[in-house]
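Please open the model in a viewer with residue labels and distance display enabled. The tour proceeds from one selection to the next.

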Amino acid sequence: MTVHQLTRRDARRIAVQAQLLDAHRPSDLLETVRGLTFLRAEPTDAIAPSAHLVAWSRLGSSYDRRELDKAIEHGTLVDLQGHIRPGEDLALYRAEMADWPGRGELRDWQEYRRDWVAANDRCRQDILLELARNGPLPSKELPDTCAVPWESSGWNNDRNRRMLLDFMVERGEIAAAGWKGRDRLYDLAERIYPDDVIVPADEANRIRNEKRLRSLGIARAKATAIPGEPIDVGEIGEPAVVEGVRGKWRVDPSFLGQPFKGRAALLSPFDRLVHDRKRMAELFEFDYQLEMFKPAAKRRWGYFALPILYGDRLVGKLDAAADHKVGGLWVEQLHQDVPFTKAMTAAVEREIKDLSRWLAS
């Protein structure tokens, strides 16, 4: 098979088009989520929760935040392990749920999870009974009767109820049932998930890789495993190399040779175009970190700075925050990684004004 020879600009344009961030904007929320494969349900709302901000970046101020809640309520979209996905994609994850904590020979961490859940089976049964009687409920209203605490070197240490709920979602026993303020609601999965035919695990993995490559345009065949959504695609697509970048890539051939027309866009720090920081640095040569966990004195760009896309380049960061009292956007500083032309300035300012109008609506 031919190995496609791509420049960085080629690769960037493929990535931008795949993420629905070129001049051809989508017009429908479900169409958008299908194209992206998911919206991350990250509740941080310095400007807006990431799922809403990502949707706005594609749809513009015509996007009504109530659409997302209604879609989840009706099952058109489902909140699966912190990722809002099209309801029809749920069948691609059910076999994995049935195989929890994994197929074949288990790793140490998988055995630890299995044994910990088994040791706290009484608490698991208590949660299921409470949801059967009174669900949907937020986690704080569910029992925490764990006999064995969760041990971790990280911030989840001793957060027994949270960890057990996460594992019960992964096992397909319970499911996210929407939100009440900032609290995720849980209910029995049988009340939330459609009764679709389960796709066998190997076929489901192939389809998921195909959807992932379609949404990324270009990705690594292999990459370090990360929690949640993978960033590699296996042998799906066609092989490619990117000039000036080491390693092998896989590309969705449907994007090759397509005309490109870009636009300006303000991106969530959790946006798929930038969330894989290694890929972002390799293809876009963009220096960026989310600094919300840094002391204020050590921040370069701001608490929740938004990467700025212009055409096929990431050109700066917007340090801003939502004014939740009166609506709109408070802009602290606009960081330019490259000198903005008049056209760039005008396009970015239009996006800032549109974001402010949307937040105020």
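Begin with the side chain of Arg279, which reaches the backbone oxygen of Ile218 at 3.1 Å; a polar contact here is a pair of N or O atoms within 3.5 Å, where within protein one must be able to donate a hydrogen and the other to accept it, and residues adjacent in sequence count only if both atoms are side-chain atoms. The coordinates are those of a predicted model, in which local features need pLDDT of at least 70, side-chain atom pairs count only at pLDDT 80 or more, and totals for chains, interfaces and linings use all residues. Residues are numbered from 1 along each chain as its sequence is written, and side-chain values use heavy atoms, with hydrogens and water left out.

**Stop 1: Arg279**

Keep Arg279 selected and add Leu216, whose backbone oxygen lies 2.9 Å from a polar atom of the Arg279 side chain. Arg279 itself belongs to helix 12, residues 277-284; helices (H or I, at least four residues) and strands (E, at least two) are DSSP runs, numbered from the N terminus.

Which side chain of opposite charge is nearest to Arg279? It is that of Asp276, 5.2 Å away, and Arg279 is buried yet has no salt bridge. Lys and Arg count as positive and Asp and Glu as negative, while His and the chain ends are not counted. A salt bridge is a side-chain nitrogen of Lys or Arg within 4 Å of a carboxyl oxygen of Asp or Glu. Buried means under 20% relative accessible area, exposed over 50%, and partly exposed in between, with a 1.4 Å probe and protein chains only.

To display the surroundings, select the residues that Arg279 touches: Ala15, Leu216, Ile218, Trp249, Arg272, Leu273 and Phe284, not counting residues up to four places away in sequence. Contact means heavy atoms within 4.5 Å.

**Stop 2: Arg263**

Next, select Arg263, in the loop between strand 10 (249-251) and strand 11 (264-266). Arg263 is also buried without a salt bridge, and its nearest side chain of opposite charge, Glu351, is 4.2 Å away. Two backbone oxygens deserve a distance label: the Arg263 side chain reaches that of Asp22 at 3.0 Å and that of Ser57 at 2.6 Å. Beyond its neighbours within four places in sequence, Arg263 has contacts that include Leu20, Arg25, Arg58, Tyr310 and Glu351.

**Stop 3: helix 3**

Ser57 leads to helix 3, where it is one of the buried residues. How many of the residues in helix 3 (residues 50-59) are buried? The count is 10 of 10, and the helix is mostly covered. Just after helix 3, select Gly60, which takes a positive phi of about 80°.

**Stop 4: strand 3 and its sheet**

Move to Leu77 in strand 3, residues 77-80. Leu77 has a relative accessible area of 1% and is therefore buried. Among the residues it touches, leaving out those up to four places away in sequence, are Leu29, Val33, Ile72, Ile84 and Pro86. Leu77 and Asp79 point one way from strand 3, Val78 and Leu80 the other way, and all are buried.

Now add strand 4 (residues 83-86), which pairs with strand 3 in the antiparallel sense over 4 bridges; two strands pair if DSSP finds at least two bridges between them. Across the pairing, Asp79 stands opposite Ile84, and Leu80 stands opposite His83. The two strands form a hairpin with 2 residues between them, and Gln81 in the turn has a positive phi of about 50°.

Widen the selection to the open sheet of 3 strands, in the order 2-4-3 with antiparallel pairing. Strand 2 (39-40) and strand 3 stand at the edges, each with a single partner strand, so one side of each is left without a neighbour in the sheet.

**Stop 5: the cysteines**

Select Cys123 and Cys146. The structure holds 0 disulfides, a disulfide being a pair of cysteine sulfur atoms within 2.5 Å. Why is there no bond between Cys123 and Cys146? The sulfur of Cys123 is 3.6 Å from that of Cys146, its closest cysteine sulfur, which is too far for a bond. Cys123 is buried at a relative accessible area of 0%, and Cys146 is buried at 17%.

**Stop 6: Glu243**

Finish at Glu243, in the loop between strand 9 (238-242) and strand 10. Is Glu243 buried or exposed? Its relative accessibility is 56%, so Glu243 counts as exposed. Apart from neighbours within four places in sequence, Glu243 is in contact with Leu6, Thr7 and Arg8. Finally, label the C-alpha distance from Glu243 to Leu283: 9.7 Å, for residues 40 apart along the chain.
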